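Grab your viewer and work through a few short exercises. Try each task before reading its solution.

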Amino acid sequence: MTQADSPSIESSPSISSGWSWQLVLRRIGPSLITACVVIGPGSILTSSTVGANQGYSMLWVVVVSVFFMMLFMTLGAKLGAVASASPCELIRQKVGRPLAYLVGGGIFFIAAAFQAGNNIAVTATIETYVSSQILVVLLLVLFNLVAISFLYLFRNVYQMLERIMTAFVATMLVSFAINLFRLKPDPVAMVQGLVPSTATVDVAVLGLIGTTFVVAAAFYQAYLVRQKGWSINELSRGIVDARIGSLIILAITIMLMSTAAAGLYTGEPVKFSDPVAVAEALRPTFGSTGKLIFCFGLFSAAYSSFLVNSMIGGFVLSDALRLGTSPTDPWPRALTTLILLMGMVVSIATMLWGFDRTPTIIAAQAVTMVVAPLIAAVLLWLTSSTSVMGTHVNGPLTKLAGMIGLGILLAIAANTAIVKLPQSLEQYRSPAAPVVEPVTK
(Lines give C-alpha, C1' and ligand atoms only; values in the text may rest on other atoms or scores of the structure.)
Protein backbone atom coordinates (compact mmCIF):
# COMPACT_ATOMS: atom_id res chain seq x y z
CA MET A 1 0.00 0.00 0.00
CA THR A 2 1.37 3.41 -0.95
CA GLN A 3 0.70 6.79 0.58
CA ALA A 4 -1.56 7.58 -2.34
CA ASP A 5 -3.60 4.46 -1.68
CA SER A 6 -4.24 5.35 1.96
CA PRO A 7 -7.74 6.50 2.85
CA SER A 8 -7.67 10.21 3.56
CA ILE A 9 -10.11 12.83 4.75
CA GLU A 10 -7.77 15.72 3.90
CA SER A 11 -9.64 16.68 0.76
CA SER A 12 -13.13 15.95 1.99
CA PRO A 13 -15.47 18.66 0.70
CA SER A 14 -17.56 18.44 3.87
CA ILE A 15 -14.78 19.99 5.93
CA SER A 16 -15.24 23.71 6.23
CA SER A 17 -12.52 26.30 6.44
CA GLY A 18 -13.79 27.73 9.75
CA TRP A 19 -13.20 26.52 13.25
CA SER A 20 -15.20 23.36 13.86
CA TRP A 21 -14.83 19.80 15.06
CA GLN A 22 -14.27 18.79 11.45
CA LEU A 23 -11.36 21.22 11.24
CA VAL A 24 -9.95 19.87 14.50
CA LEU A 25 -10.08 16.36 13.05
CA ARG A 26 -8.19 17.64 10.00
CA ARG A 27 -5.43 18.87 12.28
CA ILE A 28 -5.26 15.87 14.59
CA GLY A 29 -6.53 12.31 14.53
CA PRO A 30 -3.98 9.50 14.86
CA SER A 31 -3.00 10.61 18.37
CA LEU A 32 -6.63 10.55 19.54
CA ILE A 33 -6.81 6.91 18.54
CA THR A 34 -3.49 6.17 20.22
CA ALA A 35 -4.62 7.95 23.40
CA CYS A 36 -7.68 5.71 23.57
CA VAL A 37 -5.64 2.53 23.50
CA VAL A 38 -3.17 3.87 26.10
CA ILE A 39 -5.90 4.99 28.52
CA GLY A 40 -7.36 1.56 29.15
CA PRO A 41 -8.40 -0.47 32.20
CA GLY A 42 -4.78 -1.21 33.09
CA SER A 43 -3.75 2.45 33.19
CA ILE A 44 -6.83 3.29 35.27
CA LEU A 45 -5.99 0.51 37.73
CA THR A 46 -2.29 1.33 38.06
CA SER A 47 -2.66 5.11 38.27
CA SER A 48 -5.41 4.75 40.88
CA THR A 49 -3.32 2.26 42.86
CA VAL A 50 -0.30 4.58 42.89
CA GLY A 51 -2.45 7.57 43.88
CA ALA A 52 -4.19 5.65 46.68
CA ASN A 53 -0.87 4.40 48.09
CA GLN A 54 1.48 7.33 47.51
CA GLY A 55 -0.81 10.33 47.17
CA TYR A 56 0.32 13.02 44.75
CA SER A 57 4.04 12.26 45.18
CA MET A 58 4.34 10.26 41.94
CA LEU A 59 2.73 12.74 39.53
CA TRP A 60 6.22 13.50 38.21
CA VAL A 61 6.48 9.87 37.06
CA VAL A 62 3.42 10.43 34.87
CA VAL A 63 5.06 13.50 33.31
CA VAL A 64 8.26 11.56 32.59
CA SER A 65 6.34 8.58 31.15
CA VAL A 66 4.20 10.79 28.92
CA PHE A 67 7.31 12.65 27.74
CA PHE A 68 8.81 9.42 26.42
CA MET A 69 5.44 8.35 25.02
CA MET A 70 5.29 11.70 23.20
CA LEU A 71 8.82 11.17 21.90
CA PHE A 72 8.09 7.73 20.46
CA MET A 73 4.67 8.77 19.15
CA THR A 74 6.46 11.57 17.31
CA LEU A 75 8.95 9.05 15.90
CA GLY A 76 6.04 6.88 14.75
CA ALA A 77 4.30 9.84 13.13
CA LYS A 78 7.53 10.88 11.37
CA LEU A 79 8.08 7.35 10.11
CA GLY A 80 4.54 7.09 8.76
CA ALA A 81 4.69 10.47 7.00
CA VAL A 82 8.21 10.25 5.54
CA ALA A 83 8.98 6.58 4.81
CA SER A 84 8.13 5.11 1.43
CA ALA A 85 6.93 1.78 2.88
CA SER A 86 5.16 0.43 5.95
CA PRO A 87 7.23 -0.28 9.08
CA CYS A 88 7.40 -4.08 8.79
CA GLU A 89 8.15 -3.81 5.09
CA LEU A 90 11.07 -1.53 5.96
CA ILE A 91 12.28 -4.06 8.53
CA ARG A 92 12.04 -6.81 5.93
CA GLN A 93 13.98 -4.78 3.36
CA LYS A 94 16.78 -3.80 5.74
CA VAL A 95 17.18 -6.86 7.98
CA GLY A 96 15.01 -9.67 6.66
CA ARG A 97 11.80 -11.55 7.35
CA PRO A 98 12.66 -13.10 10.75
CA LEU A 99 12.76 -9.74 12.55
CA ALA A 100 9.56 -8.63 10.83
CA TYR A 101 7.87 -11.87 11.95
CA LEU A 102 9.14 -11.40 15.51
CA VAL A 103 7.82 -7.84 15.74
CA GLY A 104 4.47 -8.67 14.09
CA GLY A 105 3.93 -11.94 15.96
CA GLY A 106 4.96 -10.47 19.31
CA ILE A 107 2.62 -7.49 18.99
CA PHE A 108 -0.21 -9.80 17.87
CA PHE A 109 0.18 -12.08 20.90
CA ILE A 110 0.38 -9.19 23.37
CA ALA A 111 -2.69 -7.53 21.81
CA ALA A 112 -4.62 -10.80 22.17
CA ALA A 113 -3.68 -11.07 25.86
CA PHE A 114 -4.56 -7.42 26.49
CA GLN A 115 -7.87 -7.91 24.70
CA ALA A 116 -8.92 -10.48 27.28
CA GLY A 117 -8.21 -7.86 29.95
CA ASN A 118 -10.29 -5.28 28.09
CA ASN A 119 -13.18 -7.74 27.89
CA ILE A 120 -12.92 -8.53 31.59
CA ALA A 121 -12.95 -4.82 32.44
CA VAL A 122 -16.09 -4.26 30.35
CA THR A 123 -17.64 -7.35 31.95
CA ALA A 124 -16.86 -6.07 35.44
CA THR A 125 -18.46 -2.72 34.61
CA ILE A 126 -21.61 -4.40 33.29
CA GLU A 127 -21.82 -6.73 36.31
CA THR A 128 -21.93 -3.69 38.58
CA TYR A 129 -25.41 -2.94 37.26
CA VAL A 130 -26.58 -6.26 35.73
CA SER A 131 -27.04 -9.33 37.97
CA SER A 132 -27.84 -11.98 35.33
CA GLN A 133 -24.74 -13.78 34.04
CA ILE A 134 -26.51 -14.75 30.83
CA LEU A 135 -27.43 -11.13 30.17
CA VAL A 136 -23.85 -10.06 30.90
CA VAL A 137 -22.58 -12.62 28.36
CA LEU A 138 -25.11 -11.48 25.75
CA LEU A 139 -24.14 -7.83 26.24
CA LEU A 140 -20.44 -8.69 25.98
CA VAL A 141 -21.06 -10.63 22.76
CA LEU A 142 -23.09 -7.69 21.45
CA PHE A 143 -20.32 -5.20 22.23
CA ASN A 144 -17.77 -7.38 20.43
CA LEU A 145 -20.06 -7.82 17.43
CA VAL A 146 -20.50 -4.05 17.22
CA ALA A 147 -16.71 -3.63 17.28
CA ILE A 148 -16.30 -6.26 14.56
CA SER A 149 -19.02 -4.67 12.46
CA PHE A 150 -17.03 -1.42 12.36
CA LEU A 151 -14.33 -3.24 10.38
CA TYR A 152 -16.72 -4.43 7.67
CA LEU A 153 -19.57 -1.92 7.49
CA PHE A 154 -17.57 1.28 7.09
CA ARG A 155 -15.67 1.93 3.89
CA ASN A 156 -13.37 4.43 5.61
CA VAL A 157 -12.54 2.66 8.87
CA TYR A 158 -9.99 5.28 9.81
CA GLN A 159 -12.47 8.16 9.59
CA MET A 160 -14.98 6.17 11.66
CA LEU A 161 -12.32 5.53 14.30
CA GLU A 162 -11.50 9.24 14.57
CA ARG A 163 -15.10 10.17 15.22
CA ILE A 164 -15.82 7.41 17.72
CA MET A 165 -12.55 7.87 19.62
CA THR A 166 -13.20 11.61 19.85
CA ALA A 167 -16.45 10.82 21.65
CA PHE A 168 -14.74 8.33 23.96
CA VAL A 169 -11.94 10.78 24.81
CA ALA A 170 -14.51 13.48 25.59
CA THR A 171 -16.45 11.07 27.83
CA MET A 172 -13.30 10.08 29.75
CA LEU A 173 -12.19 13.69 30.20
CA VAL A 174 -15.60 14.84 31.43
CA SER A 175 -16.27 11.81 33.67
CA PHE A 176 -12.93 11.80 35.45
CA ALA A 177 -12.83 15.62 35.71
CA ILE A 178 -16.25 15.74 37.39
CA ASN A 179 -15.24 13.29 40.10
CA LEU A 180 -11.85 14.96 40.62
CA PHE A 181 -13.37 18.40 41.15
CA ARG A 182 -16.01 16.98 43.48
CA LEU A 183 -13.22 15.65 45.70
CA LYS A 184 -11.45 19.05 45.74
CA PRO A 185 -7.84 17.90 45.44
CA ASP A 186 -5.02 19.82 47.12
CA PRO A 187 -3.53 22.03 44.36
CA VAL A 188 -0.35 22.71 46.34
CA ALA A 189 0.25 18.98 46.86
CA MET A 190 -0.39 18.38 43.17
CA VAL A 191 2.24 20.95 42.17
CA GLN A 192 4.68 19.47 44.69
CA GLY A 193 4.00 16.02 43.23
CA LEU A 194 5.25 17.21 39.86
CA VAL A 195 8.73 17.66 41.35
CA PRO A 196 10.84 14.44 41.39
CA SER A 197 11.12 13.10 44.93
CA THR A 198 12.65 10.21 46.83
CA ALA A 199 9.28 8.48 47.27
CA THR A 200 9.26 4.75 46.69
CA VAL A 201 9.42 3.63 43.06
CA ASP A 202 7.80 0.22 43.59
CA VAL A 203 6.26 -2.39 41.31
CA ALA A 204 3.03 -0.38 41.03
CA VAL A 205 4.96 2.69 39.84
CA LEU A 206 6.80 0.60 37.24
CA GLY A 207 3.39 -0.70 36.18
CA LEU A 208 2.22 2.90 35.82
CA ILE A 209 5.15 3.63 33.51
CA GLY A 210 4.46 0.46 31.53
CA THR A 211 0.78 1.30 31.01
CA THR A 212 1.50 4.93 30.05
CA PHE A 213 4.61 4.47 27.91
CA VAL A 214 3.04 1.94 25.51
CA VAL A 215 5.59 1.66 22.75
CA ALA A 216 3.47 -0.71 20.61
CA ALA A 217 0.84 2.03 20.33
CA ALA A 218 3.56 4.52 19.38
CA PHE A 219 4.77 2.09 16.71
CA TYR A 220 1.21 1.82 15.35
CA GLN A 221 1.14 5.61 15.02
CA ALA A 222 3.06 5.14 11.77
CA TYR A 223 0.21 3.02 10.37
CA LEU A 224 -2.43 5.52 11.49
CA VAL A 225 -0.60 8.42 9.85
CA ARG A 226 -0.42 6.45 6.59
CA GLN A 227 -4.12 5.60 6.84
CA LYS A 228 -4.87 9.28 7.45
CA GLY A 229 -3.07 10.01 4.18
CA TRP A 230 -0.46 12.36 5.59
CA SER A 231 2.74 12.65 3.60
CA ILE A 232 6.02 14.47 4.15
CA ASN A 233 4.16 17.75 3.55
CA GLU A 234 2.09 17.13 6.70
CA LEU A 235 5.06 16.15 8.87
CA SER A 236 4.76 19.18 11.15
CA ARG A 237 1.05 18.47 11.53
CA GLY A 238 1.82 14.91 12.56
CA ILE A 239 4.25 16.11 15.22
CA VAL A 240 1.67 18.53 16.64
CA ASP A 241 -0.88 15.72 16.57
CA ALA A 242 1.42 13.45 18.61
CA ARG A 243 1.94 16.19 21.19
CA ILE A 244 -1.79 16.84 21.55
CA GLY A 245 -2.47 13.13 22.03
CA SER A 246 0.26 12.93 24.65
CA LEU A 247 -1.25 15.87 26.54
CA ILE A 248 -4.60 14.08 26.55
CA ILE A 249 -2.92 11.00 28.05
CA LEU A 250 -1.20 13.24 30.62
CA ALA A 251 -4.42 15.03 31.62
CA ILE A 252 -6.49 11.87 32.07
CA THR A 253 -3.75 10.01 33.98
CA ILE A 254 -3.14 12.94 36.34
CA MET A 255 -6.89 13.23 36.98
CA LEU A 256 -7.12 9.51 37.81
CA MET A 257 -4.14 9.53 40.14
CA SER A 258 -5.23 12.75 41.84
CA THR A 259 -8.77 11.41 42.34
CA ALA A 260 -7.39 8.36 44.13
CA ALA A 261 -4.97 10.52 46.11
CA ALA A 262 -7.72 12.91 47.24
CA GLY A 263 -10.28 10.24 48.04
CA LEU A 264 -8.32 7.18 49.17
CA TYR A 265 -4.81 8.09 50.33
CA THR A 266 -4.40 7.50 54.09
CA GLY A 267 -0.84 6.21 54.31
CA GLU A 268 -2.08 2.62 54.62
CA PRO A 269 -1.51 0.08 51.81
CA VAL A 270 -4.37 -0.20 49.32
CA LYS A 271 -4.84 -2.87 46.65
CA PHE A 272 -7.54 -3.10 43.99
CA SER A 273 -8.51 -6.34 42.28
CA ASP A 274 -9.86 -4.56 39.18
CA PRO A 275 -10.74 -1.03 37.99
CA VAL A 276 -14.34 -1.32 39.21
CA ALA A 277 -12.96 -1.81 42.73
CA VAL A 278 -11.61 1.75 42.48
CA ALA A 279 -15.14 3.07 41.92
CA GLU A 280 -16.41 0.94 44.82
CA ALA A 281 -13.70 2.29 47.13
CA LEU A 282 -14.55 5.88 46.19
CA ARG A 283 -18.32 5.45 46.63
CA PRO A 284 -18.32 6.39 50.37
CA THR A 285 -16.63 9.65 49.38
CA PHE A 286 -18.75 10.82 46.47
CA GLY A 287 -21.76 8.49 46.54
CA SER A 288 -23.42 6.24 43.99
CA THR A 289 -23.68 9.02 41.40
CA GLY A 290 -19.93 9.48 41.47
CA LYS A 291 -19.48 5.76 41.08
CA LEU A 292 -21.77 5.78 38.03
CA ILE A 293 -19.81 8.67 36.49
CA PHE A 294 -16.53 6.85 37.14
CA CYS A 295 -17.93 3.70 35.51
CA PHE A 296 -18.91 5.74 32.44
CA GLY A 297 -15.28 6.79 32.14
CA LEU A 298 -14.07 3.24 32.80
CA PHE A 299 -16.40 1.78 30.18
CA SER A 300 -15.26 4.38 27.65
CA ALA A 301 -11.62 3.54 28.40
CA ALA A 302 -12.18 -0.22 28.09
CA TYR A 303 -14.43 -0.17 25.05
CA SER A 304 -12.36 2.42 23.19
CA SER A 305 -9.41 0.04 23.56
CA PHE A 306 -11.45 -2.85 22.12
CA LEU A 307 -11.08 -2.13 18.44
CA VAL A 308 -7.86 -0.11 18.43
CA ASN A 309 -5.89 -2.62 20.52
CA SER A 310 -7.04 -5.42 18.24
CA MET A 311 -6.18 -3.42 15.15
CA ILE A 312 -2.63 -2.88 16.42
CA GLY A 313 -2.08 -6.63 16.63
CA GLY A 314 -3.99 -7.51 13.48
CA PHE A 315 -2.57 -4.84 11.19
CA VAL A 316 1.07 -5.17 12.30
CA LEU A 317 1.00 -8.97 11.94
CA SER A 318 -0.64 -8.64 8.52
CA ASP A 319 2.11 -6.22 7.50
CA ALA A 320 4.78 -8.62 8.79
CA LEU A 321 3.26 -11.44 6.72
CA ARG A 322 2.92 -9.16 3.66
CA LEU A 323 -0.86 -9.58 3.64
CA GLY A 324 -1.69 -5.88 3.44
CA THR A 325 -1.97 -2.85 5.71
CA SER A 326 -5.01 -1.04 4.33
CA PRO A 327 -8.30 -1.14 6.29
CA THR A 328 -9.90 -2.35 3.05
CA ASP A 329 -7.58 -5.37 2.78
CA PRO A 330 -9.18 -8.63 3.99
CA TRP A 331 -6.34 -10.00 6.12
CA PRO A 332 -5.82 -7.03 8.48
CA ARG A 333 -9.54 -7.10 9.22
CA ALA A 334 -9.57 -10.90 9.62
CA LEU A 335 -6.64 -10.90 12.07
CA THR A 336 -8.20 -8.00 14.00
CA THR A 337 -11.44 -9.97 14.23
CA LEU A 338 -9.52 -13.00 15.48
CA ILE A 339 -8.04 -10.98 18.36
CA LEU A 340 -11.48 -9.61 19.26
CA LEU A 341 -12.97 -13.10 19.35
CA MET A 342 -10.05 -14.54 21.33
CA GLY A 343 -10.42 -11.87 24.01
CA MET A 344 -14.18 -12.38 24.22
CA VAL A 345 -13.92 -16.18 24.52
CA VAL A 346 -11.29 -16.00 27.26
CA SER A 347 -13.37 -13.49 29.23
CA ILE A 348 -16.57 -15.52 28.95
CA ALA A 349 -14.79 -18.76 29.85
CA THR A 350 -13.22 -17.10 32.88
CA MET A 351 -16.58 -15.77 34.07
CA LEU A 352 -18.79 -18.82 33.43
CA TRP A 353 -16.46 -21.76 34.00
CA GLY A 354 -13.64 -20.28 36.03
CA PHE A 355 -10.99 -21.18 33.47
CA ASP A 356 -7.47 -20.26 34.53
CA ARG A 357 -6.07 -17.34 32.55
CA THR A 358 -2.78 -17.44 34.42
CA PRO A 359 -0.78 -19.35 31.76
CA THR A 360 -1.80 -16.79 29.14
CA ILE A 361 -0.91 -13.91 31.47
CA ILE A 362 2.47 -15.44 32.25
CA ALA A 363 3.19 -15.95 28.56
CA ALA A 364 2.10 -12.36 27.79
CA GLN A 365 4.44 -11.03 30.47
CA ALA A 366 7.31 -13.04 29.01
CA VAL A 367 6.64 -11.88 25.44
CA THR A 368 6.20 -8.25 26.55
CA MET A 369 9.58 -8.43 28.27
CA VAL A 370 11.23 -9.10 24.89
CA VAL A 371 8.97 -7.29 22.42
CA ALA A 372 8.53 -3.86 24.05
CA PRO A 373 12.26 -2.96 24.10
CA LEU A 374 12.61 -4.52 20.64
CA ILE A 375 9.86 -2.31 19.20
CA ALA A 376 11.42 0.80 20.76
CA ALA A 377 14.85 -0.13 19.38
CA VAL A 378 13.43 -0.79 15.88
CA LEU A 379 11.47 2.48 15.84
CA LEU A 380 14.50 4.45 17.01
CA TRP A 381 16.71 2.68 14.47
CA LEU A 382 14.37 3.23 11.50
CA THR A 383 13.90 6.94 12.26
CA SER A 384 17.68 7.33 12.69
CA SER A 385 18.35 5.82 9.26
CA THR A 386 19.18 8.34 6.54
CA SER A 387 18.08 5.89 3.84
CA VAL A 388 14.60 5.79 5.40
CA MET A 389 14.12 9.35 6.68
CA GLY A 390 16.39 11.42 4.42
CA THR A 391 16.81 14.93 5.84
CA HIS A 392 14.24 14.17 8.57
CA VAL A 393 16.53 11.72 10.32
CA ASN A 394 16.72 11.93 14.14
CA GLY A 395 19.08 14.51 15.57
CA PRO A 396 21.57 13.85 18.40
CA LEU A 397 19.22 15.00 21.19
CA THR A 398 16.37 12.86 19.87
CA LYS A 399 18.68 9.85 19.67
CA LEU A 400 19.88 10.44 23.24
CA ALA A 401 16.35 10.82 24.59
CA GLY A 402 15.29 7.72 22.64
CA MET A 403 18.13 5.70 24.17
CA ILE A 404 17.04 6.81 27.65
CA GLY A 405 13.47 5.72 26.86
CA LEU A 406 14.80 2.38 25.62
CA GLY A 407 16.72 2.05 28.88
CA ILE A 408 13.50 2.59 30.85
CA LEU A 409 11.79 -0.17 28.88
CA LEU A 410 14.75 -2.48 29.51
CA ALA A 411 14.46 -1.71 33.24
CA ILE A 412 10.77 -2.61 33.17
CA ALA A 413 11.63 -5.79 31.25
CA ALA A 414 14.21 -6.66 33.91
CA ASN A 415 11.62 -6.10 36.63
CA THR A 416 9.23 -8.38 34.75
CA ALA A 417 11.90 -11.06 34.45
CA ILE A 418 13.19 -10.82 38.01
CA VAL A 419 10.03 -9.94 39.97
CA LYS A 420 6.71 -10.19 38.14
CA LEU A 421 7.30 -13.37 36.14
CA PRO A 422 8.62 -15.42 39.10
CA GLN A 423 5.72 -14.15 41.23
CA SER A 424 3.22 -15.16 38.56
CA LEU A 425 4.81 -18.60 38.22
CA GLU A 426 4.78 -19.07 41.99
CA GLN A 427 1.13 -18.05 42.21
CA TYR A 428 0.29 -20.45 39.39
CA ARG A 429 2.07 -23.36 41.08
CA SER A 430 0.57 -22.68 44.51
CA PRO A 431 -3.17 -23.44 44.75
CA ALA A 432 -3.42 -21.28 47.86
CA ALA A 433 -1.92 -18.25 46.17
CA PRO A 434 -4.09 -15.32 45.06
CA VAL A 435 -5.27 -15.15 41.47
CA VAL A 436 -3.05 -13.15 39.14
CA GLU A 437 -4.62 -9.85 38.20
CA PRO A 438 -5.83 -9.38 34.60
CA VAL A 439 -3.33 -8.13 32.04
CA THR A 440 -4.74 -4.93 30.61
CA LYS A 441 -3.48 -1.87 28.85
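**Exercise 1.** Leaving aside neighbours within four places in sequence, find the residues in contact with Leu79.

*Solution.* This is a predicted model, so take the side chains as predicted too. Start at Leu79 and skip anything within four places in sequence; what remains is Pro87, Leu90, Ala222, Leu379, Leu382, Thr383, Val388 and Met389. Next, zoom out to the largest nonpolar core, which has 135 residues. Leu79 is among those with the most contacts inside this core, along with Met69, Phe72, Leu161 and Phe219. Helix 13 supplies the largest share of the core, 18 residues. Finally, look apart from it: another core has six residues, including Ala111, Ala112, Leu317 and Leu335.

**Exercise 2.** Which helix gives the most to the lining of the largest cavity?

*Solution.* First, the structure holds two cavities of 30 Å³ or more, and the largest has a volume of about 70 Å³. Its lining includes Ala147, Leu161, Phe168 and Tyr303. Helix 7 (133–153), helix 8 (157–183) and helix 13 (275–320) each give two or more residues to that lining. Helix 8 gives the most, with five residues. As for chemistry, the lining divides into 10 nonpolar residues, one polar and no charged.

**Exercise 3.** What span should helix 14 (residues 330–353) have at 1.5 Å a residue?

*Solution.* Helix 14 has 24 residues, and the expected span is 1.5 Å times one less than that number, so it should span 34 Å. Now check the end C-alpha atoms: they are 34 Å apart, which agrees. Just after helix 14 comes Gly354, with a positive phi near 65°.

Terms used. Residues are numbered from 1 along each chain as its sequence is written. This is a predicted model: local features need pLDDT of at least 70, side-chain atom pairs count only at pLDDT 80 or more; totals for chains, interfaces and linings use all residues. Side-chain values use heavy atoms; hydrogens and water are left out. On a 1 Å grid over the protein atoms alone, a cavity is a set of points where a 1.4 Å probe fits but cannot get out, and a pocket is an open set with protein on both sides within 12 Å along at least five of seven lines; lining residues have an atom within 4 Å of a point. Grid points are joined across faces, edges and corners, and a volume is the space filled by probe spheres set on the points. Helices (H or I, at least four residues) and strands (E, at least two) are DSSP runs, numbered from the N terminus. Ala, Val, Leu, Ile, Met, Phe, Trp, Tyr, Cys and Pro count as nonpolar, Asp, Glu, Lys and Arg as charged, and the others, Gly among them, as polar. A nonpolar core is a set of buried Ala, Val, Leu, Ile, Met, Phe, Trp, Tyr and Cys residues joined through side-chain atoms within 4.5 Å. Buried means under 20% relative accessible area, exposed over 50%, partly exposed in between (1.4 Å probe, protein chains only). Contact means heavy atoms within 4.5 Å.
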